[in-house]
Amino acid sequence: MADSSRLSHVYVGVARSRDGSLGGIFRQAVGDSRWDHLTTGLPDGTDVHAVTIHPDDPAVVYIGTKSGPYRSTDRGDHWDRLGFPDPVAVWSILIDPNNPRILYAGTSPVAVYRSDDGGDNWRRLADPRMPDRVKMPFACRVMRLAITADLPGDLYATLEVNGAMRSRDNGESWEDCSAGLVRFGAMPRYKSRIASDTEIEGMLDGHALCVSPAAPDTVFLAVRMGLFRSADRGVSWQDMEIGRFAPFTYARDVRVSPQDPRMMYACVSPAAISADGSIFRSRDLGEIWDRFDHSVKVDATMMGVALHPRDPDQVYGVSRVGQVFGTQDGGRTWHEHRMPQGCRDVYAIACA
């Protein structure tokens, strides 16, 4: 029997979208077909919006839930609620690449919290004071956080739905960096309105962002209208034109390879609710993209891509309705594993 402490695992965070649906955190050992619903220590009906694994110890897993952040030190078998000061939902958790004792959490309503002791205790950072540009039927949330390791103090966040913001002092103060996105939103090609009273909604519908050591001044952003790039730390934005390479442009996730800082992966689909989607890969920081999941038939919007921190051949993706697929040989072959019946609103995937 294989040593479970050395196995790779895939984790998926799910929300309860309606009565009868299933939420929580699920785990699967790579090479197995069984999903474990990890509930010990979590409240009944937990919605999980974020999953983050410790970069040095894969047994330590953090999740963001509607009732705050939780941590497991045994790969999810048991969970403990962390010392969060406010009753808010956590939508993103980031571990500082320069110091894994430092964590950041993004919440709804919009705020960023910081822990300096591995998550035991947290404090709320400065109020971002973002302009209230878009009124949605839900409270705005911090969907993703990113740190530029080579530029100490630089911290970025993207909001659903209100653009992007940055800090140059580890979150002690914030600047709005959405002006360029708003300008795009005024152009006919980029106008999109689903649930608000403004057509700039689509450009400010942020889902993910990332940075790369290969270009420390550059921020990559995934929004409803595609993939965008800022080469000047959020001052201005450029359309990466993923539509030149993909048949659709709704972007839900974008990540930089842990092993190759010039390699990126992105999830794109036709829309927030759809019956298609795929993972695309770039080997040159987003100049050219190719479809990566060639043999996969995705039947719902792609919600996330997970990159293994030590094995570049392992890549996993998940659709909104819980279709998980992955490769352990760099994309040559793929295996699909459906999540348990009732998982209908997936938000996050991670592996280690």
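**Pocket lining**

I started with the lining of the second largest pocket, in what is a predicted model. I sorted its residues by class and got 9 nonpolar, 1 polar and 7 charged. The lining is made up of 17 residues. I then looked for the ones nearest the pocket centre and noted Phe 138, Arg 141, Glu 160, Ala 272 and Arg 320. For the volume of this second largest pocket I wrote down about 310 Å³.

**Confidence**

Next I checked pLDDT. The chain average is 95. A score of at least 70 is reached by 98% of the residues. I went looking for a weak stretch and found residues 1-5, where pLDDT stays under 50. For that stretch I recorded 4 contacts beyond four places in sequence.

**Glu 160 again**

Glu 160 had come up at the pocket, among the residues nearest its centre. I looked at its backbone too. Which kind of peptide bond joins Glu 160 and Val 161? I found a cis bond, with omega about 10 degrees. I placed Val 161 in the loop that runs between strand S13 (155-160) and strand S14 (163-167).

**Other backbone entries**

I found a cis peptide bond between Ser 108 and Pro 109 as well. Here omega is about 0 degrees. Pro 109 sits in the loop between strand S9 (103-108) and strand S10 (111-115).

I also stopped at Asn 170. Its phi is positive, at about 60 degrees, although the residue is not a glycine. I located Asn 170 in the loop between S14 and strand S15 (175-176).

**Sheet S4 to S7**

I traced an open sheet of 4 strands and wrote the order as S4-S5-S6-S7. The pairing is antiparallel. Which strands are at the edges? I noted strand S4 (48-53) and strand S7 (80-81), each pairing on one side only. I followed strand S6 (residues 68-72) into its pairing with S7 and counted 2 bridges, in the antiparallel sense. Across from Tyr 70 I found Arg 81 in S7.

**Sheet S8 to S11**

I traced another open sheet, with 4 strands in the order S8-S9-S10-S11. Its pairing is antiparallel. I marked strand S8 (89-95) and strand S11 (123-124) as the edge strands, since each pairs on one side only. I then checked S10 against S11 and recorded 2 bridges in the antiparallel sense. Tyr 113 stands opposite Arg 124 in S11. I put two pairs side by side in my notes: Tyr 70 with Arg 81, and Tyr 113 with Arg 124.

**Salt bridges**

How many salt bridges does the model have? With a side-chain nitrogen to carboxyl oxygen cut-off of 4 Å, I count 26. I picked out one pair, Arg 144 and Asp 253, with N to O at 3.1 Å. That value is within the 4 Å limit, so the pair qualifies. I then asked where the two partners lie along the chain. Arg 144 belongs to strand S12 (residues 141-147) and Asp 253 to strand S20 (residues 250-256). They are 109 residues apart, and I logged the pair as a link between distant parts of the chain.

How values were computed:
Residues numbered from 1 in each chain as written. Predicted model: local features only at pLDDT ≥ 70, side-chain atom pairs only at ≥ 80, totals over all residues. Heavy atoms only, no water. pLDDT = per-residue confidence, 0-100. Contact = heavy atoms within 4.5 Å. Pairing = 2+ DSSP bridges. 1 Å grid on protein atoms, 1.4 Å probe; cavity = no way out; pocket = protein on both sides within 12 Å on 5 of 7 lines; lining within 4 Å. Points joined across faces, edges and corners; volume = space filled by probe spheres on them. Nonpolar A, V, L, I, M, F, W, Y, C, P; charged D, E, K, R; others polar.
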